[in-house]
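Me: I would like a close look at a single part of this structure, with its surroundings described step by step. Please choose one strand and follow its neighbours before turning to the rest.

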Amino acid sequence: MARYILLRVLGAIPTLLLVIVLAFLMVHAAPGGPFDAERVLPPDIEANIARAYHLDEPLPVQLWRYLAGLVQGDLGPSYRYRDHTVAELIGSAFPLSLKLGLLAMICAVTLGVAAGTAAALRHNSLGDRLLMGFAMTGISVPVFVVAPLFVLVFAIHLDWLPAGWSGNPGAGRLVLPVLALALPQVAYIARLTRASMLEVLASDFIRTARAQGLGTAAIVRYHALKPAMLPVLSYMGPAIAAILTGSVVVEEIFGIPGLGQFFVRGALNRDYTLVLGIVIFYAALVILLNLVVDVLYGVIDPRIRQR
Amino acid sequence: MNALPRTFAGLRASRTARVCVVLLALIVLAALVGPLVSPHDYQRADFDRILVPPGSGDAHVFGTDDLGRDLFVRTMLGTRITILVAVVASIVSLVIGVAYGALAGLAGGRVDALMMRFVDTLYALPFIFLVILLMVAFERNFLLIFVAIGAINWLDMARIVRGQTLSLKEREFVQAARLIGVSTPRILLRHIAPNLVGVVIVYLTLTIPQAILVESFLSFLGLGIQEPQTSLGALVDAGVNQMEGAAWMLLIPATLLAVILLCFNFLGDAMRDAVDVRGAR
Amino acid sequence: MSLLEVRDLSIRYGATDVVSGLDFDVAPGEAVGLVGASGSGKSQTALAIMGLLPRAASISGSVRLGPHELLGAPARVLDRVRPTRIAMVFQDPAQALNPYLRVGRQLVRILEQHRIARGASARQKVVEMLARVGLPDAPRQAAAWPHELSGGMRQRVMIASALLAGPELLVADEPTTALDVTVQAQILDLLESLRQDTALLLITHDLGIVAGRCERMLVLEAGRLVESGPVREVFSRPQAAGTEALLAATPAPGAAREAVAGPEVFRIEGAAVCYRPRRGPPLHAVRGVGLAVARGEIVAVVGESGAGKTSLGRAALGLVPLAAGRIVLAGSELAPLAADRSLAARRAVQLVFQDPAASLNPRLTVSDIVAEPLTVHEPGLKAAERGSRVEAALAATGLEAGFMTRYPHELSGGQAQRVAIARALILEPRVLICDEAVAALDGRARRRILGLFDTARAETGLAVIFITHDLGVAQEMAHRVLVMYLGRLAELGPAVAVLSQPLHPYTQALLAAVPRADPRDPGGRATITGEVPSPVATPAGCAFHPRCPRAEGRCAEERPAARGVAGSRVACHFAEEFLAGDAPA
C-alpha cells in the first residue's frame, strides 16, 4: 500500500511540472507584453518596468526564476493589483471558494448516490424514468444557464432567497450558488451510480447474497455499495475540475468575491501573473485531489493495491 | 454484433432518439434558413426599439436586445455558430483521437503504455483553465477556439478507440486472418476499421455536446466568440445582464442551448445503448 | 414425506417457455441429479426454486419446501428459509463470491443476518466451517480476498457458505463445471462427505457426475421432464430419446483408437514458450516439449489449466515466439513466427478456435469469410471459380449454399464452427490445430464437428493436433495422446496405451477423476489432492511431486527425463516399475 501511494505521488509530480511549464510558456509566448494595452510609455520607463518584472531576461531564466519562486510559495506580483502578490490574492479569495466547492461536492455526492441507488433499485419504474430524465436535463443544462435561471425564479420572481452576495449576510446567500454548482454533478453522479449499481446488482455475487437470504437493504449495504461506488470515485477527479470550472461562473453571476471571480477579472484584464498563478494553483489542487482519489480507489479495491 | 446497422436499428427503436433527431433537424434548419428570410439584420442596432418583448406584434418574433437588435436573427446566428464550432471541434477531436487511439492500440506493448500514460497525464489537467489562458494570451479567433476545444475532447475518443482496437486485435477473427496470411493493411481495412465505426460514431455524438458546452462557456465569460458575432453562450451572457427587466433575453437562448444539449446527449445515450460499448470511464 | 415438492412449474420469458409443467420431489437426505443439455431449463428450475429468477420471468405452479410455499413468497419469507433451510452453490466460484470483501467476512455476515451467531463466536464458527471444507490454515485464509484463492478453494468457500446455516436442501448448479477435472473430483467428494443428511439437488450437463453421485435422476429436455427414476435404471434402460442423446454425448468406458502408421508431416522439437510480463516474473508456459504427427493421424494434447497445451499450439502456429526448439513441416524447418513464414508454409498449418462466434468477423458474410484465404493464397482465381470453391468447402462441412449470404450472428454455435472449419480446410492444409474446438458445443453439434475432422483426416490425409481438456474427446478421436503437466510432457504414446495403461501417476489420476456415464463404474474419483500450482512458481524436481501419491524423496530433487518406455514417452522415475506392475510403496 505504501508503495502504491508513493508511486502515485511520484507520478503526479511530472504532471504538475508539465502544467506549470505549459502555462508559463503560453503566457510568455503571447504577442505583446502585459502592459501594451495601457497608454504608450516612454521606452526607458518600459524598460524599467520590464526589468522590475524580469521581463528582459531570457525565457529559460525567467522560467527558472518562476519555478524557484513557486517552491517557496511565491507566485510573483500581480500586474494589476499592484500592491498585492498573487499568492496573497489567492490566499484571501480561496477560502470562500473552497467553502462553496466543498458544500457543492457534499451535496452532489450525497444526493447523487442516494438518487442513483434508489433509481437502480426500482429499475424501469416510473420513478426511475422520471429521475433519469431529470438527471439527463441536469447534465445537459450548463451551470451558466442554471445559475441565472435560479436567480430569476427563486430570487427575482419568488423572492425566497437572496441573489447577491454583498449586503446579504447569513447562510441564505449560499443556497443558490451551491445548488447551481452542485446540480450538474448531482445529475451526473446519479446516472453513474444508477448504471454501476445496476451492473453490480446483476452480478453473480449479488445473486449469491440473495441466496443467502440477506435482503435488499443488507445486500446494498454490505455487498453492492462498495463496488458500485468505484465508478463514482473515479469520477471525482473530473467532478472536482467541473466544480472548479463552475465556480468561476457561479461566483461571477452571484458576485461572490472568490478565486473564480479573480480569475475571470484577471483573464479579462490580462493580468498574466494572476491568471498564471491561479491556473497553476487550480492544477495543483486538481492533481492533488486526483491523487487522493487514486489512493482511495486502492483502499476500496483489493486487487488494484497489489499491482 | 453488426455495430452500424444495430446502432441505427437501436435509434429507430427508441422514441426519445427519434424525437431528438427531429428536434435537432428543425433547429438546424431554422438556424440556416431563419436569418435569410428575416427582414432584420443581426448587427444593425435600432435605438428606437430597445428591449421590445417577444410577441408584441413588431415583427420581432423573439423581441429585441438592449441595443435594439432583432433577437430572432441573433439567436439563429448564435445557434449556427455554436453548432458549427461544436461540429468542427468534434471532428478535430475525432481525427486526433482516432489516429492516436488506433495507433496506440495497434502498436501495443511499450509504445501503447507510454502513449496512454501521456493521455492519463493530460486527463489530470484542468484543461479548461489552460484554454482560458490560451484565450487570454492570444488574439481570440475561430481557429484557436476549434483547436482548443478539439484538444480537450480527443482524450475520451483516443481511450475508447485504443481500447476497442486493442481488443479487436486480440479477437480471434483477427488472429485467424493473420494466420491465413492476410496482409496488415488489409486486416486493418477489412477486419478492424469496420468494427470501430459504430463506436466512433457514438462517441462523436457524445463529443458534440461537450464541445458546445466548452464553446458556450468561453463565450459566456467573454473569452470566446466576440461581438458583433455571437453564439448561444454569448447571448446567455447578454441575457444575464438584462434578466431583471428583459427575461426573454436570457430565457430564449438558454432554452435553445439546453434543448440542443439535451438532444445530443439523449441521442448519444441511445446510440451507446444500441452499440453497448463500455470503457469511457 | 418429501422435503421439496415441485408441482406444475412453468417459467416463461415473454412468449418463450423455458420450463413447462415440471413435477418432481426431493426426499430428505436424498441426492437427486437434474440433467439436461444447455438450454434445457435446468438452471432456470434451480433459480426458480431459490426465488432468484429475474423479474422478467413469469412463473407458475408451486414449489413447497416443508410447510413453506416458495413460489411468489414475499422476500421476508424467502429470506427466512434461505440459506437456513435451502442453500445454493453456484457454477463459477470466481464470480459468485464478492471480490471486495474478505471471504471470512462474507460468511460471518450470513450468521449475523440470520441471528445464528455474532462477533467472536460467529468468526469462530466460520473458521471451523472453512477448516471443514478443507481450507488449509483456515484462520489465516478467512482473512483472504477471493482473488487470492484458487478456483477449487473458492468453491470450497462457496460450499462452506451454503452449509453454514445447516440447510435441509442444497441446490448445486454445475458446481464443478468451471474447475479442472482432478479438482472436480475433490469438490464432489467434499460435497458428499459434508452434506450428511442434507438433501442435494445436483444440476449438471454431465451424466457421469450423476452416475457416480446421485440416487435418483431427472432428465430435462427443452423445458420438459422427459425421464425420471433411480440412476441405475435410467442408465440401463433409457426411455426417452433425449436421455439417449445425452448418454451418447458422454464418454463411456470404451476402447481407444488404434494407432495409424504414416509418414511424418509435422514435428515440434523441444519447444519452449516463455511469456515475460512487464511486471512480475517470467512465465514458462511450455518447457521442452516434442511431438510429431503423421499423415492422417489425430494427436490429442490433454492436460488441466496451466498445462501449456494452448501455448504449445500457438507456438506451432507461429503465433507466439519460441524460446527454444524448432518446428519442422515435412522435413523442412519453419520460421518460428508465422509472419516470417512463406505463404505456402502458412497455408499448410491452420487453426480452429474454441469459440466459433469470436473467430468470425461479425461484419463479413459467411462466403466472404470462407473466401478470404483464397483471395490471399490464390489471388488469380476468378470470382466464379472462387465462389464454387467456397460452396464446395461449405458443403463438405454440411452447410448448404443458402448459408453463404448469412452473417455470423445468424448462425448457431455448431454452424459457426463449421464455417470456421471450412475456412481452415479450403486451403487444404496438411496440419490442422484445434484448440478446444468442441468445448463450447453441445452433444449433437460436438459429435458432428468431431465427425468432420475424422472425415478430413481419412480422405485427405490431414494431420490433426487436438488440444482438449476433455479426456473423453481424446479417447474418442485420438490415435495418440500427449499428456502435459505444468508445461512439460508427462506422457506421450498411443491412445490405447496412455488411456488404458497409463505409466505416469498424473495420467492415472486424470483418468480416475473423469466421471463416466456408467453407474457401475462411475469414475470421478479423487486420487490426488491439491490443485495445479501457478506456472510462475513451479515446484522443483518433478513438477507433479507435491500432488503425487507415489512421490519419494528423489522426486523433489531430480526432474525425471522423458524417455521411451514400452512404445510411449514417460517423464516419471517409476514408469518402468509401473509397467512391470509393481508400484513403489
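Reply: What follows looks at one strand of chain C and then at other parts of the model.

The model is a predicted one, and the strand chosen here is β9 of chain C, which spans residues 216-221. β9(C) is mostly covered, with 6 of its 6 residues counted as buried. In a regular strand the side chains alternate between the two faces of the sheet. In β9(C), Arg216(C), Leu218(C) and Leu220(C) point one way, while Met217(C), Val219(C) and Glu221(C) point the other way, and all of these residues are buried.

β9(C) pairs with a strand from an earlier stretch of the sequence, β3(C), residues 31-35, and this pairing is parallel and runs over 4 bridges. Within it, Leu218(C) of β9(C) has Leu34(C) standing opposite. β9(C) also pairs with β10(C), residues 224-230, in the antiparallel sense, and here 6 bridges join the strands. Leu218(C) takes part in this pairing as well, with Ser228(C) as its bridge partner in β10(C). Leu218(C), a buried residue, is thus matched with Leu34(C) in one pairing and with Ser228(C) in the other. β9(C) and β10(C) form a hairpin with 2 residues between the strands, and in this hairpin Ala222(C) takes a positive phi near 45 degrees.

Chain C also meets chain A, in a contact that takes 25 residues from chain C and 20 residues from chain A. On the side of chain C, at least two residues each come from α2 (75-81), β6 (86-89), α3 (93-96) and α4 (103-113), and α2(C) gives the most, with 4 residues. By class, this side of chain C has 14 nonpolar, 6 polar and 5 charged residues.

Within chain A, helix α7 (residues 172-201) and helix α9 (residues 215-254) have axes that come within 8 Å and cross at roughly 160 degrees, which makes α7(A) roughly antiparallel to α9(A). The crossing in which α7(A) passes α9(A) is right-handed, and the contact of these helices has 22 nonpolar, 5 polar and no charged residues.

Chain B, finally, holds 10 helices and 0 strands. Of its 281 residues, 53% count as buried, and among contacts in chain B between residues at least 6 apart in sequence, 70% join residues at least 24 apart.

Definitions and conventions
Residues are numbered from 1 along each chain as its sequence is written. Chains are lettered from A and ligands numbered from 1 in the order in which they are written. This is a predicted model: local features need pLDDT of at least 70, side-chain atom pairs count only at pLDDT 80 or more; totals for chains, interfaces and linings use all residues. Axes are lines fitted to C-alpha atoms, for helices over the stretch in contact, and angles run from 0 to 180 degrees between N-to-C directions. Angles under 35 degrees count as roughly parallel, over 145 as roughly antiparallel, 65 to 115 as roughly perpendicular and the rest as oblique. A crossing is left-handed if the near helix is turned anticlockwise from the far one by less than a right angle, and right-handed if clockwise. Ala, Val, Leu, Ile, Met, Phe, Trp, Tyr, Cys and Pro count as nonpolar, Asp, Glu, Lys and Arg as charged, and the others, Gly among them, as polar. Two residues are in contact if their C-beta atoms, placed from the backbone, lie within 7 Å. A residue is buried if 20 or more other C-beta atoms lie within 10 Å of its own, exposed if 12 or fewer, and partly exposed in between; C-beta atoms are placed from the backbone. Two strands pair if DSSP finds at least two bridges between them.
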